[in-house]
Amino acid sequence: DRAVRSAVPWTFTPYTKPTRPPSAKTLYRKQARKEVEKAHPTWNSSRVRSTIARRFEGREPGGPKKEEKRELNRRAAEMLRDWERKVKGMRAKAWRTPDLVQPVMSRGGELSLMPLRYFEATLLDPPRPMREGEEWCVAVGVCTKGFRLVGKQPGWDTHSLAVHSDDGKFFHNNETREVGLTFSSGDTVGLGVRLDDGAPAVFFTKNGRFHSWQTRLEVRRWGLSDSSPQERCCLYPAVGLDSLCPVRLNTGGSPFLFDLACKKLWKGLTGAVAGEEHDYAS
């Protein structure tokens, strides 16, 4: 097993996305917790939370009155609208931030700037067919500077992540998740990192079609920066080779097979995004 990585790293300073505001139920739980704990000092936290939830939903007496509940809903809705305005402004600003945008060449040769990093790997025909008993694998992923290029495939440690061609699984820290992304000679697999939505969001494409979102990069846990999430981060496109298939990389010197203006790519994201929007038919 061996791997190669791009000589030119991806560098960027990710945004810190505003924390999503609490719901009306959470607001009520915060204000009712002390009251319930005082009345029932021997209850554990799980029982306290479930009691508060039942009261809020009207399944147990002692919950908020209609007027109080209406006010909680109003406060929660107001905070949510304010949060959505901030996130919308953050996303719009990302498209104008030089540190986040990457030049993207369209098939017509026109350049545009988008807040992402992206590359594609195309598997070419091998010099001979795979023999009985052989197991070939190509991994397409990204890594940090700390990833060892010999003796490991990308995704086998904390410094890398990748999809593997033989089983179609997503690997990070040697933990796997089935994502249905197998590929072989003649296929083109793309990996991108979207940078306009807080923590960088990783996605994959196959043969010019969007495949799936996979994870959010937790900057400090990944060791992309030394201390503060606001420091510049550094990632390398990487390919693991346990195969005779030649691999051609496109890091933006020519038009990509996948259209990065695809609407599915720029929709609003939620949570860890893992496994969202699978398109196994691609």
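No bond forms at Cys-234, because the closest cysteine sulfur, in Cys-233, sits 8.8 Å from the sulfur of Cys-234, too far for a disulfide (a pair of cysteine sulfur atoms within 2.5 Å). By this rule the count comes to zero disulfides. Cys-234 has a relative accessibility of 23%, so Cys-234 goes down as partly exposed. Cys-262, at 25%, is also classed as partly exposed. (For the record, buried is under 20% relative accessible area, exposed is over 50%, and partly exposed is in between, with a 1.4 Å probe and protein chains only.)

A word on the model itself. It is predicted, so local features need pLDDT of at least 70 and side-chain atom pairs count only at pLDDT 80 or more, while totals for chains, interfaces and linings use all residues. Residues are numbered from 1 along each chain as its sequence is written, and side-chain values use heavy atoms, with hydrogens and water left out.

Taken as a whole, the protein chain comes to four helices and 14 strands; these are DSSP runs numbered from the N terminus, H or I over at least four residues for helices and E over at least two for strands. The C-alpha trace spans about 75 × 45 × 40 Å along its principal axes. Of the 282 residues, 43% are buried. Among contacts (heavy atoms within 4.5 Å) with a separation of 6 or more, 63% come from residues 24 or more positions apart. The chain exposes about 14900 Å², and carbon and sulfur atoms supply 50% of that; the areas come from the Shrake-Rupley method with a 1.4 Å probe, and for residues only the protein chains shown count as cover.

One open sheet has five strands in the order S12-S11-S10-S5-S14, paired antiparallel. Its edge strands are S12 and S14 (247-250), each of which pairs on one side only. Neighbouring strands in this sheet are turned by 20° against each other on average, direction ignored; the axes behind that angle are lines fitted to C-alpha atoms, for helices over the stretch in contact, and angles run from 0 to 180 degrees between N-to-C directions. Pairing here takes at least two DSSP bridges between two strands. S11 (residues 201-206) and S12 run antiparallel and are joined by six bridges, with Val-202 opposite Thr-215 in S12.

Ser-212 belongs to that edge strand, S12 (residues 209-216). At 1% relative accessibility, Ser-212 counts as buried. Its side chain makes a polar contact with the side chain of Gln-214 at 2.7 Å. (Such a contact is a pair of N or O atoms within 3.5 Å; within protein, one must be able to donate a hydrogen and the other to accept it, and residues adjacent in sequence count only if both atoms are side-chain atoms.)

Then there are the hairpins. S3 (residues 102-105) shows a covered face, Gln-102 and Val-104, and an uncovered one, Pro-103 and Met-105. Four bridges tie S3 to the antiparallel S4 (residues 111-114), and Met-105 stands opposite Leu-111. Five residues separate S3 and S4, and Gly-109 in the turn has a positive phi of about 90°.

S7 (residues 160-164) and S8 (residues 169-172) pair antiparallel over three bridges, Ala-162 partnering Phe-171. Four residues lie between these strands, and Gly-168 takes a positive phi near 70°. S8 carries on to S9 (residues 175-178) through four antiparallel bridges, where Phe-171 has Thr-176 as its bridge partner. That hairpin has two residues between its strands, with Asn-173 in the turn at a positive phi of about 55°.
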